[in-house]
Structures are given as structure tokens and as C-alpha cells.
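Dear colleague,

I am handing over the structure we discussed, with some notes on what was found in it. Please read the notes with the structure open beside you.

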Amino acid sequence: MGESGRAASRTAVLVCQGRAAADGRAAVGRFADPLAIRLLRDAERVPVAEVRAGTAPQGWQARVAFESVRACAEVVVPRTVAIDGALRARVTGQLVVLGAGLDTRAWRLPELARTTVWEVDHPASQQDKRARLAEAAIAPHGADENGRIAVELPVTARSVRFAPVDLTVDDLGAALDAAGHDPSQPTTWLWEGVVPYLARSEVRATVAAVAARTAPGSALVVNYQSPSARAAVGRLLTRVLGSSLTSGEPWRSLWKPQQMAALLAENGLRVVSDDDLLTLAHTLDSPALSRTSLRSGRVAVAVSH
Ligand SMILES: C[S@@+](CC[C@H](N)C(=O)[O-])C[C@H]1O[C@@H](n2cnc3c(N)ncnc32)[C@H](O)[C@@H]1O
């Protein structure tokens, strides 16, 4: 449990498990996240190994964990490929990752060599990530907080700064000011896997806060979920079965592409692409059994006017 009384995000662990399961297994040559496994603890690695081996375990709980990681792996492959591509195409000196979870891009993408990365996350999740980084001996700047060199692991970004922010209550702009982000310079914003967990008003407020710090030449890469009747049935079932399947983090807002485009336009951001993950999965020839989740997951790229 973090200082704010909320536990670290379980869905952040799940998507990390998905990336670890898919690494070297799906869309090889386009998708890779070799660091994901290092951020996982022993028990979390068990379903990852089972999915990689393709051996479903016995027992209800183990089977649920297996299926969750397998389905998540399908979703994160096209999502990661799309986002990595968008970030590589729009490198700026500043990258802000909103709701960073166990994202590894600051340690993984060589294109960020001249970019300062701000990881923004709920305080409890960020604390958990920093503990995991320390355990994995992946230090934010190649050195730990006391300046000791922890490991010779390639730190691909210029530097990584952490800004603990609860997007439902905290002032994102003030936190980024305090962490040294410069709103007069172009910024690439990444918002992956977070929008569904925020209410509409919180999404609106976050976009407004982003827009207020978006200089010309900036871009926002946002992953969100669009509504679908089948997904709604799935969520209802999940609610009935209990919160273990949603890790206690229910979805709060879904956006039709035109609604998302309108929200971004109101804030001076023009959508230049918006793709669904199922189409992307097909182009990658990556597994697509979870068609409903893939079809409703989207990655949009918007640029400042
Ligand atoms: C599914 S995880 C996605 C993590 C990461 N972006 C990724 O795709 O691997 C959801 C993330 O949203 C963050 N999040 C959810 N609600 C939040 C809030 N109110 N304020 C800040 N972050 C939040 C969680 O802490 C978690 O890191």
C-alpha cells in the first residue's frame, strides 16, 4: 500500500507480464521487451513462463492468471509496436510518460538518447516500480539515488525523472514544473493503458493539463478503449465474478474515436492517425484470439496545431 492509501497498480504488472510473455515469441523483429521479465517478481514470472511454453496449468486460479497473461500478451504486442513506431517518428527533447507503470522505453529505445524522460504515475505504482528497478538493478541514470553505479545496463534515454502524480487529484502541471519539465519546449506525451481507468472528467482535465504544456512541435500518443457491446458483457461478467479479474481497477471511461478526436481538438491537438489494435495485430501477423479486446483498443497520435 502506498502513502496515498492505494495499492500499486496490478494492471501495470499484468501488462508487463504480457510483454515478457510475448518477447521473442510474437511479432519477432517488430516487438521486443527483454527488460519486462526483469521487472517481475518470482511468482509473477510463473504464468509468463507457462504462456511462453504454451502449457496451461491446472487449477482455477492458476488458469485465470495464465489466460489473463496470454490475452494481455496479444494486446500489448500491437500496442507496443504502434507506440514505439510513433515515438521513433516524433522524437523530441522531452518525453512524458503518463501512468508509466512498468514501461521500459527509457531503458529500451536507443532513439531516446537525447531525450529526457519524465515518468508520471500514481505514487503507489511509482514507488513499486522504483523498488522493482532497484531489485532488477536497472538504475534510473545508470546510478542509484546515492549516485552509486548500480549496473552497466544500457540506459537509452538522456535521463529519467520521476514525478508521482495521482491524476484524479494532483496538479499535473505543478508536478512537472517541480520535476524540471520545460513547457516552452516540444514534448512528446505518451498515455498508454491509463485512459480507461479515469473518469471522463479526469481524462478531460488531464488533456487540458497536457495541452497547457504543449509547445508547437509536440505530439501526444494516446491509447484508449472504444465502447463495444461484447466488451460490455465481458466487464459485467467480471463484475459478477468479482474484482480479481480486473485487479480491482475497473474501467471508468470509454471513448469513441470521434469523441477522443473532438476532445483533443478542443485542446489544440489534431489527430493524425487512430488505429485499432486488431488491424495492427493482423498486419504484424501476431496472435488475435482476443478479438473483442483488440478491436476496441486504439492508439491515436495527435500533433499540436
Ligand atoms: C494498465 S497500467 C499501464 C501502465 C503502462 N502505461 C503500460 O502500458 O505498461 C495502468 C497505469 O495507470 C496508472 N494510473 C491509474 N490511475 C491513475 C491515477 N489516478 N493517477 C496516476 N496514474 C494512474 C497506474 O498506476 C498504472 O501504472
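Helix α1 (residues 10–22) and helix α2 (residues 42–53) pack at an angle of about 35 degrees, with their axes 9 Å apart; helices here are DSSP runs of H or I, at least four residues, numbered from the N terminus, while axes are lines fitted to C-alpha atoms over the stretch in contact, and angles run from 0 to 180 degrees between N-to-C directions. On the α1 side the contact (heavy atoms within 4.5 Å) is made by Arg10, Val13, Gln17, Ala20, Ala21 and Ala22, and on the α2 side by Glu44, Pro47, Val48, Val51 and Arg52.

This is a predicted model, in which local features need pLDDT of at least 70 and side-chain atom pairs count only at pLDDT 80 or more, whereas totals for chains, interfaces and linings use all residues. Residues are numbered from 1 along each chain as its sequence is written, and side-chain values use heavy atoms, with hydrogens and water left out.

Turning to the ligand, 22 residues lie around it (a heavy atom within 4 Å), and Gly99, Asp121, Ser125, Leu167 and Glu192 come nearest. Helix α1 supplies the largest share of this shell, four residues. Among the polar contacts (pairs of N or O atoms within 3.5 Å), a ligand nitrogen is 2.7 Å from a polar backbone atom of Gly99, and a ligand oxygen is 2.7 Å from an N or O atom in the side chain of Ser125. The protein covers 98% of the 590 Å² of accessible area that the ligand has on its own, by the Shrake-Rupley method with a 1.4 Å probe.

With best wishes

Definitions and conventions: Polar contact = N/O pair within 3.5 Å; in protein donor to acceptor, adjacent residues only side chain to side chain. Helix = DSSP H or I, 4+ residues; strand = E, 2+ residues; numbered from the N terminus.
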